[in-house]
Amino acid sequence: MDTPATPAAADAAIGATGATGAEELRITAPHRELLDQVLDKWSVSVLEQLCEGPCRFNELRRAIPAVTQKSLTATLRRLERNGVIEREVTATRPVAVTYRMTALGKTLRAPVEVLLAWADRQLPAVERARLAFDERPDERL
């Protein structure tokens, strides 16, 4: 599917009114790819740190101790490629690299806050559902 040319076309690609009058949720491959890249485990942790201000690579490593150097490097490159963060290299000895949110990246804060608020409200129900699932007999085929 082609990328919509206008915001209205983009809205139409995401949802259209169905026969019942309710919005139909349609997530296209480009949507899935972008969301996978900016909302994965390490990206959310990196964005959480960079929302507070610019950080150097080792500051991010210390702030997110469970991430490996390889995973952090891949995450930073993916976020930079998507225009969410920018990388600034300072010619010092040793070379200093600082990462910061771009204007585009800063627009992610509000939708992520909405998802976090939903998670806060729904976590008790999710925990009950998990418990009920874990307590039922194994129904494997």
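Is Thr 75 buried or exposed? In this predicted model, Thr 75 is buried, with a relative accessible area of 1%. The residue sits in helix H5, a segment that spans residues 69-81. Once neighbours within four places in sequence are set aside, the contacts of Thr 75 are with Trp 42, Ser 43 and Val 46. That single side chain makes a convenient way into the fold as a whole, which is described next.

The protein chain contains seven helices and five strands. Read from the N terminus, the order of these elements is α-β-β-α-α-β-α-α-β-β-α-α. The chain has 141 residues, and 22% of them count as buried. Its accessible surface amounts to about 10,600 Å², with 56% of that area belonging to carbon and sulfur atoms. As for how the chain meets itself, 41% of the contacts between residues at least 6 apart in sequence join residues that are at least 24 apart.

Turning to the interior, the largest nonpolar core holds 19 residues, and the members that touch the most others are Leu 50, Leu 76, Ile 85 and Tyr 99. Two or more residues of this core come from each of H3, helix H4 (57-63), helix H5 (69-81) and strand S5 (96-101). Helix H3 makes the largest contribution, at four residues. Leu 50 gives a good view of how these parts meet: beyond residues up to four places away in sequence, Leu 50 touches Cys 55, Leu 60, Ile 85, Tyr 99, Arg 100 and Met 101.

Helix H4 offers a second viewpoint through Phe 57, which lies in that helix. Phe 57 counts as buried because its relative accessible area, 18%, falls under the 20% limit. Apart from neighbours within four places in sequence, Phe 57 is in contact with Gln 69, Leu 72, Thr 73, Leu 76, Val 97 and Tyr 99. For one of these partners, Gln 69, the position is twelve residues away along the chain, and the two C-alpha atoms are separated by 9.2 Å. Two of the Phe 57 partners, Leu 76 and Tyr 99, also appear among the core members that touch the most others.

A point of backbone geometry deserves a look as well. Arg 93 and Pro 94 are joined by a cis peptide bond, with omega at about -5 degrees. Pro 94 belongs to the loop that runs between strand S4 (85-90) and S5.

What about the open space? Rolling a probe the size of a water molecule over the atoms shows where empty space is left. The largest pocket encloses about 410 Å³. It is lined by 14 residues, of which Leu 34, Leu 35, Val 38, Leu 108 and Pro 111 are the closest to its centre. Helix H2 (29-38) and helix H7 (109-135) each contribute at least two lining residues. By class, the lining of the largest pocket comprises eleven nonpolar and three polar residues, with no charged ones.

The second largest pocket holds about 260 Å³ of space. Its lining is made up of Val 44, Leu 47, Glu 48, Cys 51, Glu 52, Met 101, Gly 105, Leu 108, Arg 109, Val 112, Glu 113 and Leu 116. At least two of these residues come from helix H3 (41-50), and at least two from H7. H7 gives the most, with four residues. Here the lining includes seven nonpolar residues, one polar residue and four charged residues, whereas no charged residue lines the largest pocket. Leu 108 has a place in the lining of the second largest pocket and also lies among the residues closest to the centre of the largest pocket.

Val 44, one of the residues lining the second largest pocket, lies in helix H3. Val 44 counts as partly exposed because its relative accessibility of 34% falls between the 20% and 50% limits. With residues up to four places away in sequence left out, Val 44 touches Val 38 and Leu 39. Val 112 lines the second largest pocket too; Val 44 and Val 112 are 68 residues apart in sequence, yet their C-alpha atoms are 8.8 Å apart in space.

Conventions
Residues are numbered from 1 along each chain as its sequence is written. This is a predicted model: local features need pLDDT of at least 70, side-chain atom pairs count only at pLDDT 80 or more; totals for chains, interfaces and linings use all residues. Side-chain values use heavy atoms; hydrogens and water are left out. On a 1 Å grid over the protein atoms alone, a cavity is a set of points where a 1.4 Å probe fits but cannot get out, and a pocket is an open set with protein on both sides within 12 Å along at least five of seven lines; lining residues have an atom within 4 Å of a point. Grid points are joined across faces, edges and corners, and a volume is the space filled by probe spheres set on the points. Ala, Val, Leu, Ile, Met, Phe, Trp, Tyr, Cys and Pro count as nonpolar, Asp, Glu, Lys and Arg as charged, and the others, Gly among them, as polar. A nonpolar core is a set of buried Ala, Val, Leu, Ile, Met, Phe, Trp, Tyr and Cys residues joined through side-chain atoms within 4.5 Å. Buried means under 20% relative accessible area, exposed over 50%, partly exposed in between (1.4 Å probe, protein chains only). Contact means heavy atoms within 4.5 Å. Accessible areas come from the Shrake-Rupley method with a 1.4 Å probe; for residues, only the protein chains shown count as cover.
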